[in-house]
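Visitor: I should like to go through this model by question and answer, beginning with its helices and then turning to its sheets and charged pairs.

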Amino acid sequence: MYGKAAICLPSVILFLVSCSIYVGTVDFRSYFFPLLQSPTVTRSLCATGRPLRVYMYDLPRRFHVGMMDRRSSSEGSAPVTAENFPPWPSNSGIKRQHSVEYWLMASLLYGGDGEEGREAVRVSDPETADAFYVPFFSSLSFNTHGHNMTDPETEVDRRLQVELLEFLQKSKYYQRSGGRDHVIPMTHPNAFRFLRQELNASLLIVVDFGRYPRNVSRLSKDVVAPYVHVVDSFTDDDPLDPYESRNTLLFFRGNTVRKDQGKIRVKLSKMLSGIDDVHYEKSVATPKNIIMSTEGMRSSKFCLHPAGDTPSSCRMFDAIVSHCVPVIVSDNIELPYEDEIDYTEFSIFFSMKEALVPGYLVNQLRQFPKDRWLGMWNRLKNVSHHFEFQYPPKKEDAVNMLWRQVKHKLPGIQLALHRSRRLKVPDWWQRRR
């Protein structure tokens with residue numbers, strides 16, 4: 001028996017050596033000592049637990065905090081740090097809903113608590129960066145300089161966009177990737193409206209795709225952010241019977257004159273006005289009305305979210321932090337973090353066609369099982385922290401969730417970069433039909 005083994009072993013070795021002549025060298029350790037082999041595949045960023053390394057451009061204050069107050073703008077070229085970063089103005093009103101750009105910048109300036117619990121950290125060396133953040137407050141620029149569209153101040157907004165584009169085009173890191181690994185927030189539907197076509201390769205932070213052509217922004221490359229909620233969060237929502245403590249069945253308070261699919265608001269107003277357990281009221285966003293909306297959402301079982309000028313609005317996220325089950329009537333809406341969160345666990349969706357059937361929507365809500373509503377209410381309480389923008393940032397809050405979404409996009413960015421560097425002809429895949 002041992003003699004046969006002794007004869008067979010040299011034969012096996014001779015066979016392997018022979019094969020190596022034809023297929024290349026043989027690493028005998030891989031046959032006899034597989035555990036000693038070193039891994040040959042480099043793990044991608046998404047496969048690691050480390051935070052995203054982000055390089056933030058040092059732009060002049062007029063591109064960001066200089067728009068918030070004159071004092072900040074007058075500080076000249078002093079670098080913006082965590083110590084001199086101004087708080088978001090408490091009197092900003094409805095402008096707050098488009099302040100995602102501010103909170104992302106704040107999260108990168110924050111240097112406390114090391115890297116634990118953080119999805120992104122700022123690096124000073126661009127050569128070590130996974131992504132580049134462009135701290136231009138494009139939404140605030142529109143709200144500050146161009147909110148009337150034809151206002152003479154609109155020229156300031158346009159000029160800032162021109163200057164920023166010139167700055168980026170001179171950056172070797174922007175040139176290196178064609179802007180693909182550059183993160184640029186554009187959450188107001190009119191943000192960067194003059195030159196956004198020039199940034200169509202970059203990773204845009206948007207709230208929906210209502211005002212963007214597909215060649216500028218799309219789900220495959222960009223990140224959908226929540227609006228920053230305007231109403232105060234409901235932090236002590238713990239009644240003995242949550243269902244019975246909310247007396248209104250369905251609540252809506254807002255502007256009913258909207259464009260595009262938002263025209264449904266006028267139609268819903270005609271259908272829902274005058275129903276005893278439904279509150280449907282035309283309103284504009286003022287400090288007093290925001291307080292009234294806060295009280296209305298906290299005392300309602302369901303909060304209606306119809307499409308507005310674009311498919312989404314701040315109202316949905318006001319409802320989430322008020323623990324009022326959102327009722328969404330918007331056929332083209334996209335939602336934040338949807339690869340991680342199942343919105344059907346705490347929201348109800350109606351198509352626009354369904355919602356316009358007389359009596360259908362209200363009857364469905366009246367028949368909604370109490371135990372199922374309680375499950376959604378509990379789920380809202382469990383997920384609402386994902387929609388909180390705050391400073392300092394906290395684990396799993398809105399900015400950390402957004403940076404994680406950026407991290408999820410990087411493999412696709414790297415794929416596009418690598419392909420673009422080796423293609424000798426225009427991308428054949430894009431021309432496939």
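Visitor: On which side or sides of helix H9 do its buried residues Ile264, Arg265, Leu268 and Leu272 lie?
Guide: This is a predicted model. Helix H9 covers residues 264-272, and Ile264, Arg265, Leu268 and Leu272 are buried in it. These residues span an arc of only 95 degrees around the axis, so they lie on the same side of H9.

Visitor: Which residue with a positive phi follows H9?
Guide: H9 spans residues 264-272. The residue in question comes after the helix and has a phi near 90 degrees; it is glycine 274.

Visitor: How many of the residues of helix H11 are buried?
Guide: H11 runs over residues 314-321 and is mostly covered. Its buried residues include the charged Arg315 and Asp318 as well as Cys314, Met316, Phe317, Ala319, Ile320 and Val321. The count of buried residues in H11 is therefore 8 of 8, where buried means under 20% relative accessible area.

Visitor: Against which helices do the buried residues of H11 pack?
Guide: The partners of these residues include strands, namely S7 (248-254), S9 (300-306) and S10 (325-329). The helices among the partners are H9, H10 (287-298) and H14 (370-383).

Visitor: Which residue just after H11 takes a positive phi?
Guide: H11 ends at residue 321. Just after the helix, a phi of about 60 degrees is found at histidine 323.

Visitor: Which strands form the edges of the open sheet of 5 strands?
Guide: The order in this sheet is S8-S7-S9-S10-S11, and the pairing is parallel. An edge strand here pairs on one side only, and that applies to S8 (278-282) and S11 (348-349).

Visitor: Which residue of S10 is the bridge partner of leucine 304?
Guide: S9 and S10 pair in the parallel sense over 5 bridges. The partner of leucine 304 in S10 is valine 327.

Visitor: At what angle to S10 does H14 run?
Guide: H14, residues 370-383, is one of the elements against which the buried residues of H11 pack. H14 also lies across S9, S10 and S11, and its angle to S10 is about 100 degrees.

Visitor: Which strands are the edges of the open sheet of 6 strands?
Guide: This sheet has parallel pairing and the order S2-S1-S3-S4-S5-S6. Pairing on one side only marks the edge strands, S2 and S6.

Visitor: Which residue in S2 is the bridge partner of leucine 52?
Guide: S1 and S2 pair in the parallel sense, with 3 bridges between them. In S2, the partner of leucine 52 is alanine 120.

Visitor: Is aspartate 130, the salt-bridge partner of arginine 53, buried or exposed?
Guide: Side chains of opposite charge can pair when their charged atoms come close. The side chains of arginine 53 and aspartate 130 meet at 3.9 Å, N to O. The pair links distant parts of the chain, 77 residues apart: arginine 53 is in strand S1 (residues 52-56), while aspartate 130 is in the loop between S2 (120-122) and S3 (131-133). Arginine 53 is partly exposed at 29% relative accessible area, whereas aspartate 130, at 17%, is buried.

Visitor: Which lysine forms a salt bridge with aspartate 241?
Guide: The closest N and O atoms of this pair are 3.1 Å apart, and the partner is lysine 370. Aspartate 241 is in the loop between S6 (223-224) and helix H8 (242-245), and its partner is in H14, 129 residues away. Aspartate 241 is partly exposed at 29% relative accessibility; also partly exposed, with a value of 33%, is lysine 370.

Visitor: Are aspartate 222 and lysine 221 buried or exposed?
Guide: The side chains of these two residues meet in a salt bridge, at 2.8 Å from N to O. Both aspartate 222 and lysine 221 are buried.

Visitor: Which arginine belongs to the network of salt bridges with Glu119, Glu340 and Glu396?
Guide: The count of salt bridges comes to 15. Glu119, Glu340 and Glu396 are linked in a network with Arg404.

Visitor: What share of the residues in the chain is buried?
Guide: The chain contains 15 helices and 11 strands. Of its 433 residues, the buried share is 49%.

Methods
Residues are numbered from 1 along each chain as its sequence is written. This is a predicted model: local features need pLDDT of at least 70, side-chain atom pairs count only at pLDDT 80 or more; totals for chains, interfaces and linings use all residues. Side-chain values use heavy atoms; hydrogens and water are left out. Helices (H or I, at least four residues) and strands (E, at least two) are DSSP runs, numbered from the N terminus. Buried means under 20% relative accessible area, exposed over 50%, partly exposed in between (1.4 Å probe, protein chains only). The arc is that of the directions from the helix axis to the C-beta atoms. Contact means heavy atoms within 4.5 Å. A salt bridge is a side-chain nitrogen of Lys or Arg within 4 Å of a carboxyl oxygen of Asp or Glu. Two strands pair if DSSP finds at least two bridges between them. Axes are lines fitted to C-alpha atoms, for helices over the stretch in contact, and angles run from 0 to 180 degrees between N-to-C directions.
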